Amino acid sequence: MEPRSAAAVGRDFPYTAKTLCYIEVAEDGTVSHGVDAGAYERARSGESRLFAVWPGSWRSDLFVIDDLDEYARAHGLLHDQQRTGLADHEHAVRWTLDPSEKKPMGSYITVRVHLDCGCAINDLDAFAKQMRAQQGWDIATTGGWGGSTTSGTYMRVRRKSLDS
Ligand SMILES: [Zn+2]
């Protein structure tokens with residue numbers, strides 16, 4: 001059976017789904033499953049090929065990961081402006097204490113973030129990574145977050161990291 005094409009599925013392919021099982025087949029035929037950070041580079045250079053099993057309720061399908069850039073964007077290895085809403089630039093950030101915050105002196109506080117540069121925060125992990133690099137913010141990516149471009153996006157940030 002020929003594997004199906006992940007590229008043909010496009011953005012609907014669940015690259016980061018926990019149920020997806022990745023298989024890497026090296027040039028010499030060695031098979032490993034569960035890919036590491038180097039898999040993208042090895043696949044790009046042709047040292048290996050990447051496959052994924054997408055389990056369905058009736059049967060599972062084998063896919064070849066033939067759009068490696070899409071794979072890398074989904075895994076945060078390549079910046080993806082379309083998916084994250086975030087340009088790859090220095091953001092113009094404003095923040096205020098969120099009205100819901102009852103402990104403004106706590107180690108983590110809820111803030112409302114506005115981006116005057118026009119970016120939208122659709123992916124908190126990607127935003128946290130950028131803000132750590134740009135301003136040293138320590139954003140809690142495991143807690144709740146949300147909002148809109150008009151009211152701002154609320155998120156938990158380590159208070160002391162906002163001062164730097
Ligand atoms: Zn921006």
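Are Phe13 and Phe63 buried or exposed? I started my notebook with this one, and I found that both are buried. A reminder to myself: this is a predicted model.

**Entry: the aromatic rings**

I searched the whole structure for aromatic pairs and got six. One of them joins Phe13 and Phe63, edge-to-face, with 5.0 Å from centre to centre and 65° between the planes. I then looked up where the two sit: Phe13 is in the loop between helix H1 (6-9) and strand E2 (21-26), while Phe63 is in strand E5 (residues 60-64), so this pair ties together parts 50 residues apart in sequence.

Next I checked Tyr22 and Tyr71, another edge-to-face pair, at 5.4 Å centre to centre and 80° between the planes. Tyr22 belongs to strand E2 and Tyr71 to helix H3 (residues 68-74), so parts 49 residues apart in sequence are tied together here. Tyr22 has a relative accessible area of 7% and is buried; Tyr71 is buried too, at 3%.

I also followed the ring pairs along, and they link Phe13, Tyr15, Tyr22, Trp54, Phe63 and Tyr71 into a cluster.

**Entry: the zinc ion**

Which protein atoms are the donors of the zinc ion? I noted His89 (NE2), His91 (ND1), Cys117 (SG) and Cys119 (SG), lying 2.0 to 2.3 Å from the ion. I wrote down their spacing in sequence as H-x1-H-x25-C-x1-C. His91, in the loop between helix H4 (81-84) and strand E6 (93-97), and Cys119, in the loop between strand E7 (108-115) and helix H5 (124-135), link distant parts of the chain, 28 residues apart. I found both His91 and Cys119 buried.

Why do I call the site tetrahedral? Because the four donor atoms subtend angles of 101 to 117° around the zinc ion.

Methods:
Residues numbered from 1 in each chain as written. Predicted model: local features only at pLDDT ≥ 70, side-chain atom pairs only at ≥ 80, totals over all residues. Heavy atoms only, no water. Donors = N, O, S within 2.8 Å, 3.2 Å for Na, K, Ca; no water. Tetrahedral: all angles 85-135°; square planar, octahedral: opposite > 155°, others 65-115°. Helix = DSSP H or I, 4+ residues; strand = E, 2+ residues; numbered from the N terminus. Buried < 20%, exposed > 50% of the residue type's maximum accessible area, 1.4 Å probe, protein only. Phe/Tyr/Trp six-rings, centres within 6.5 Å; stacked < 30°, edge-to-face > 60°.
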